[in-house]
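Reader: Hey, could you walk me through the charged contacts in this one? I'd like to go pair by pair.

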Amino acid sequence: MEQKEVEYKLLGRSLVICLPYEVDDHSCQNLKKDTDEIIKHNPVNRIIFDFTKTGFMDSAGIGALLSRYRKMKALGGETVVFGEDPRIRRILKLSGIYQIMRSI
């Protein structure tokens, strides 16, 4: 069954954002609000975007990544990506995400 919603996991000071199969405007609607709330109440210094279940991402997804990157940079933290398949890797490369975020 496809994961439809974003899932959040705290691992130490890292916030892992497990993205759904489709990363689009619908799935990203609450991402900023939810992550801001988690960061407000926890000592997060890294956001890890987990793409292991993702097969599609549009410009709303890129915007969400950039928004969280700017938030973490302002807090002195980092944002990284993980688990990209070749299709998602291509989207991230074309959008310039790899120039500001590393893949782990």
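Author: Sure. This is a predicted model. A good place to begin is Asp36 and Arg68, whose side chains form a salt bridge at 2.7 Å, N to O.

Reader: Where do Asp36 and Arg68 sit along the chain?

Author: They come from distant parts of the chain, 32 residues apart. Asp36 belongs to helix α2 (residues 31–41), while Arg68 belongs to helix α3 (residues 59–74).

Reader: And Arg68, buried or exposed?

Author: Buried: the relative accessible area of Arg68 is 2%, and the cut-off for buried is under 20%.

Reader: OK, switching topic. What does Arg102 pair with?

Author: Arg102 meets Glu78 in a salt bridge, side chain to side chain, at 3.4 Å from N to O. That pair also links distant parts of the chain, with Arg102 in strand β7 (residues 102–103) and Glu78 in strand β6 (residues 78–82), 24 residues apart.

Reader: How accessible are those two, Arg102 and Glu78?

Author: Arg102 is partly exposed at 45% relative accessibility, and Glu78 is partly exposed too, at 26%.

Reader: Which residues get joined into a network by shared salt-bridge partners?

Author: Lys32, Asp36, Arg68 and Lys71, joined into one network.

Reader: What about Lys33, which residue does its side chain meet?

Author: Asp34, in a salt bridge of 3.6 Å, N to O. Lys33 counts as exposed at 54% relative accessibility, whereas Asp34 is partly exposed at 25%.

Reader: How many salt bridges does the structure hold?

Author: Six.

Note on methods:
Residues numbered from 1 in each chain as written. Predicted model: local features only at pLDDT ≥ 70, side-chain atom pairs only at ≥ 80, totals over all residues. Heavy atoms only, no water. Salt bridge = Lys/Arg side-chain N within 4 Å of Asp/Glu carboxyl O. Buried < 20%, exposed > 50% of the residue type's maximum accessible area, 1.4 Å probe, protein only. Helix = DSSP H or I, 4+ residues; strand = E, 2+ residues; numbered from the N terminus.
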